[in-house]
Amino acid sequence: MGHASNTEIYNPRNILDHPDFRVLTPGEKPDPDANIAAFYNPAHEIHLVQKPRPKPGPGQVLLHVRATGICGSDVHFWQHGRIGDSMIVTDECGSGHESAGEVVEVGEGVTQWKVGDRAAIEAGVPCSQPACDACRTGRYNACPDVVFFSTPPFRGTLTRWHLHPAQWLHKLPDNVSFEEGSLCEPLAVALAGLERSGLRLGDPVLICGAGPIGLVSLLSARAAGAEPIIITDLFQSRLDFAKRLVPGVRTVLIQRGSTAKESAAAIKEVAGGPLTVALECTGVESSVHTAIYSLAFGGKVFIIGVGKNEQLFPFMHLSANEIDVSFQYRYANQYPKAIRLVSGGLINLKPLVTHRFPLEEAVSAFHVAADPSQGAIKVQIQD
């Protein structure tokens, strides 16, 4: 008998074509035990749906998802229907990939999990086959057959009952809450960036952008011993939030209309000189330029943010100053480290959560996350 691939096991048609699948009408009160989830579609509508409660097969675990954070990509898929050329919303598609939950049922052959265990859910499930170079060499974020929950066409983890492969769950210690477990997903992004950037104790560091990824990068860089740390943003309120999070951080408000060199001069003045590492968390061309001009000879710009398909870079400045530019795609091998850092008290993620909603109010949660005037940093949905 052949091995069923993850793409077959988690084929969205299994749910969309199921007789129990339906979109709830606005204001409809679902049954308290119903498997509800937040879905969006190509018409840019966001709504609750009701799905069948799945049964775990061999090697699978059924979880009651207890906490899910809303990511900027979730909002983007809802409002714009695509990210790049390969991730396109073509049907009803479930949201959410920052989740933690409780084991409620285990499938055949699962010995490492039992009912009642608490787990962070790693949403990217690679094929794990020996013939796959990416998986075999440990860079599984490059697996071509990955099932990344909430990236179209695959459904997300913002649901009540979620089915997951047992080996892609991570045990939460007793002192790490479900909410912190779900925040380990954006933390994994920042930790992957920090690892590949080569940041070391005492490095002067620039972080561009004080959104959720910029802020977890700030917490991570501080835990790693960077000093000084400068963080930039266009909004003073976000810089104020960063300052409350890490009082020792130095902030620079980027003036709209200023050139990259002007912004870089302001950054270097606040830092007391050029920086050796920049963690670019916006993906915006002008911000990348600012990061480049802020660095010392031999520095490194590490780009975590995603941006438009083609961008111009100051090629000769990079060349004449031996500045390296590197990128990141998702993360690999970061979840255990993220959980250790949170459990050990080196990184405190709790202050990042600004808004909380019950699962039944997930649609309202999305509207808050998408509205800059609400001042949300991380919106959490709990069940």
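Leaving aside residues up to four places away in sequence, Phe-21 touches Ile-15, Leu-16, Phe-39, Val-49, Gln-50, Lys-51 and Glu-92. This is read from a predicted model. Phe-21 sits in the loop between H2 and S1, and with a relative accessible area of 14% it falls under the 20% cut-off, so it counts as buried. For a sense of scale, Gly-214 is 193 residues along the sequence from Phe-21, and the two C-alpha atoms are 38 Å apart in space.

One of the contacts of Phe-21 is with another ring, that of Phe-39. A search of the whole structure turns up six aromatic pairs. In the Phe-21 and Phe-39 pair, the ring centres are 5.7 Å apart and the planes meet at 55°, so the pair goes down as tilted. The two rings come from distant parts of the chain, 18 residues apart: Phe-21 from the loop between helix H2 (13-16) and strand S1 (22-23), and Phe-39 from strand S2 (residues 35-40). Both Phe-21 and Phe-39 are buried. A further tilted pair is made by Tyr-40 and Phe-77, with 6.4 Å from centre to centre and 40° between the planes. Here Tyr-40 belongs to strand S2 and Phe-77 to helix H3 (residues 72-80), so the pair ties together parts that are 37 residues apart in sequence. Tyr-40 and Phe-77 are both buried too. Strand S2 thus supplies a ring to each of these pairs, Phe-39 to one and Tyr-40 to the other.

The backbone has a few spots worth a look. In the loop between strand S11 (147-148) and strand S12 (161-165) lies Pro-153, and the peptide bond leading to it from Pro-152 is cis, with omega near 10°. That loop between S11 and S12 also holds Ser-150, which has a positive phi of about 90° despite not being a glycine. Ser-150 has a relative accessibility of 2%, so it counts as buried. A cis peptide bond also runs from Glu-227 to Pro-228, this time with omega near -5°; Pro-228 is placed in the loop between helix H6 (212-223) and strand S15 (229-233). Asn-333 is another non-glycine residue with a positive phi, about 60°, and it is found in the loop between strand S19 (324-327) and helix H11 (335-343). While Ser-150 is buried, Asn-333 is partly exposed, at 49% relative accessibility.

Zooming out, the chain contains 12 helices and 21 strands. Its radius of gyration is 21 Å, close to the 21 Å that the globule rule gives for 383 residues, so the chain is as compact as a globular protein of that length. Along the principal axes, the C-alpha trace spans about 60 × 45 × 40 Å. Buried residues make up 55% of the 383 in the chain. Among contacts with a separation of 6 or more, 70% are between residues 24 or more positions apart.

As for the surface, the chain has about 16800 Å² of accessible area, and carbon and sulfur atoms account for 54% of it. On the electrostatic side, the chain carries 33 positive and 39 negative charges, and the mean positions of the two sets are 5 Å apart.

Key. Residues are numbered from 1 along each chain as its sequence is written. This is a predicted model: local features need pLDDT of at least 70, side-chain atom pairs count only at pLDDT 80 or more; totals for chains, interfaces and linings use all residues. Side-chain values use heavy atoms; hydrogens and water are left out. Helices (H or I, at least four residues) and strands (E, at least two) are DSSP runs, numbered from the N terminus. The radius of gyration is taken over C-alpha atoms; the globule rule is 2.2 Å times the number of residues to the power 0.38. Buried means under 20% relative accessible area, exposed over 50%, partly exposed in between (1.4 Å probe, protein chains only). Contact means heavy atoms within 4.5 Å. Accessible areas come from the Shrake-Rupley method with a 1.4 Å probe; for residues, only the protein chains shown count as cover. Lys and Arg count as positive and Asp and Glu as negative; His and the chain ends are not counted. The place of a charge is taken as NZ of Lys, CZ of Arg, CG of Asp or CD of Glu. Rings of Phe, Tyr and Trp (its six-membered ring) pair if their centres lie within 6.5 Å; planes under 30 degrees apart count as stacked, over 60 as edge-to-face and the rest as tilted.
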